[in-house]
Amino acid sequence: MQDHNLTVASMAETRPLLRSSGPKADELETKPVTIITSRYASETYWQDCWRHRELVLFLAWRDLVARYKQTVVGVAWTVLKPLTTLLIYSFIFGRVAGLPSQGVPYILLVLTGLMPWQLFSTVFSAASESLVANAHLVSKVYFPRLIIPVSSVALSVVDHLVAFALMAVLMLWYGVMPGWQILLLPFVMLLAVLAALGIGLIFAVLNAQFRDFRQLIPFALQLGVFVSPVGYATSVLPEKWQIVYALNPVVGIVDSFRWCILGGRELIYPPSILVTVVFVAVTMVVGIKTFRRHETDIADVM
């Protein structure tokens with residue numbers, strides 16, 4: 001079904017209807033007529049997004065219910081999955097590879113790298129798959145399509161917040177207390193979400209047009225976990241390679257998250273944060289423009 005990406009114009013024009021005879025002819029001639037127009041280039045696009053804000057909450061709640069409906073363990077999966085990965089990574093990087101932990105329990109070093117990585121990867125995966133997963137909505141009714149990838153972020157954020165329970169238990173067990181920098185943690189999480197959403201908007205369009213990207217994205221994320229400081233600190237790399245390593249935008253996110261929780265100058269590499277901030281600014285602008293440019297023909301190619 002073709003989608004002309006139409007919505008009701010904010011101001012209805014008055015046009016004369018077909019002339020007819022009878023006592024109500026004058027009334028019919030001046031009856032308001034609602035004109036349907038494209039909203040891609042309209043200045044009221046963001047107003048449309050605001051008017052449909054409740055749809056964001058509805059789609060997010062729908063995804064949350066669908067995730068845990070008819071499950072035995074339920075929300076506990078959000079803790080069991082990172083716990084399993086945490087134990088595997090701690091064994092491989094800590095026991096087998098023998099990498100240094102920079103003076104903190106190695107399991108906490110891995111967890112503070114794993115949590116921001118999973119937040120980034122799940123937001124990116126959900127945003128890039130969102131249009132295909134909601135193809136039945138895209139092809140049937142108009143609303144700003146940007147709402148779909150934005151609403152997909154909510155489930156990943158909820159999972160991430162629940163996983164903090166595991167973090168709290170382990171920190172109490174090892175007697176590690178965060179410092180003042182914990183106050184900056186919400187900004188780091190926002191940075192991770194925006195970085196993933198910006199690139200996710202681009203891949204959402206590509207995924208709708210070329211289904212090969214559905215196979216490419218999981219493969220890229222599997223490689224990404226090894227080229228990001230998830231199981232080790234950036235400082236274990238030779239100093240001459242750290243600046244090259246920092247070109248990976250996830251490095252700044254992981255280092256900042258780890259520093260907010262554990263502190264310590266050796267756990268953070270400042271140039272990586274600058275790279276991440278620039279990456280977020282560029283990808284959000286490019287992502288939104290790319291998404292809106294193809295928004296009018298998304299349903300035609302799905």
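Biologist: Which residues have the most contacts inside the largest nonpolar core?

Modeller: Those are Leu86, Met167, Phe257 and Phe291, in a core of 71 residues. Before we go on: this is a predicted model, where local features need pLDDT of at least 70 and side-chain atom pairs count only at pLDDT 80 or more, while totals for chains, interfaces and linings use all residues. Residues are numbered from 1 along each chain as its sequence is written, and side-chain values use heavy atoms, with hydrogens and water left out.

Biologist: What makes a set of residues a nonpolar core?

Modeller: The set must consist of buried Ala, Val, Leu, Ile, Met, Phe, Trp, Tyr and Cys residues joined through side-chain atoms within 4.5 Å. In this core, H5 (106-133) gives the most, with 15 residues. Other elements that give two or more residues include H4 (77-96), H7 (147-174) and H12 (270-294). In soluble globular proteins, nonpolar side chains tend to be buried together.

Biologist: What does leucine 86 touch, not counting residues up to four places away in sequence?

Modeller: Its partners are Ile107, Val110, Leu111, Leu114, Leu166 and Leu170. They count as contacts because contact means heavy atoms within 4.5 Å.

Biologist: Why is leucine 59 called buried?

Modeller: Buried means under 20% relative accessible area, exposed means over 50%, and partly exposed is in between, using a 1.4 Å probe and protein chains only. Leucine 59 has 1% relative accessibility, so it counts as buried. It belongs to helix H3 (residues 53-68), and beyond its neighbours within four places in sequence it is in contact with Leu137, Ile147 and Ser151. Its C-alpha lies 7.7 Å from that of serine 152, although the two are 93 residues apart along the chain.

Biologist: Why is isoleucine 273 called partly exposed?

Modeller: Its relative accessible area is 26%, which falls between the two cut-offs. Isoleucine 273 lies in H12 and, leaving aside neighbours within four places in sequence, contacts Gly252, Ser256 and Ile268. Proline 249 is 24 residues away in sequence and 7.9 Å away in space, C-alpha to C-alpha.

Biologist: Why is serine 156 called buried?

Modeller: Its relative accessible area is 8%, so it meets the definition of buried. Serine 156 is in H7, and its contacts outside the four nearest places in sequence are Leu119, Thr122, Val123 and Ala126.

Biologist: Why does valine 138 count as buried?

Modeller: At 1% relative accessibility, it qualifies as buried. Valine 138 is part of H6 (residues 135-138). Helices here are DSSP runs of H or I with at least four residues, strands are runs of E with at least two, and both are numbered from the N terminus. Across 160 residues of sequence, valine 138 and isoleucine 298 have C-alpha atoms 7.9 Å apart.

Biologist: How do you know that the span of H4 agrees with 1.5 Å a residue?

Modeller: The expected span is 1.5 Å times one less than the number of residues. For the 20 residues of H4 that gives 28 Å, and the end C-alpha atoms are 27 Å apart, which agrees. Buried in H4 are Thr78, Pro82, Leu86, Tyr89, Ser90 and Phe93, and their cover includes H3, H5 and H7. Glycine 98, with a positive phi near 65°, follows H4.

Biologist: What makes H11 mostly covered?

Modeller: In H11, 14 of its 14 residues are buried. H11 reaches 21 Å from its first C-alpha to its last, close to the 20 Å expected. After H11 comes glycine 263, whose phi is positive, near 70°.

Biologist: At what angle do H7 and H8 pack, and how far apart are their axes?

Modeller: The angle is about 145° and the axes are 11 Å apart. Axes are lines fitted to C-alpha atoms, for helices over the stretch in contact, and angles run from 0 to 180 degrees between N-to-C directions. Residues making the contact include Pro149, Val153 and Val157 of H7 and Leu185, Met189 and Val193 of H8.

Biologist: What kind of crossing is made where H7 passes H8?

Modeller: It is a right-handed crossing. A crossing is right-handed if the near helix is turned clockwise from the far one by less than a right angle, and left-handed if anticlockwise.

Biologist: How many helices and strands are there in the protein?

Modeller: It has 13 helices and four strands, and buried residues make up 44% of its 302 residues.
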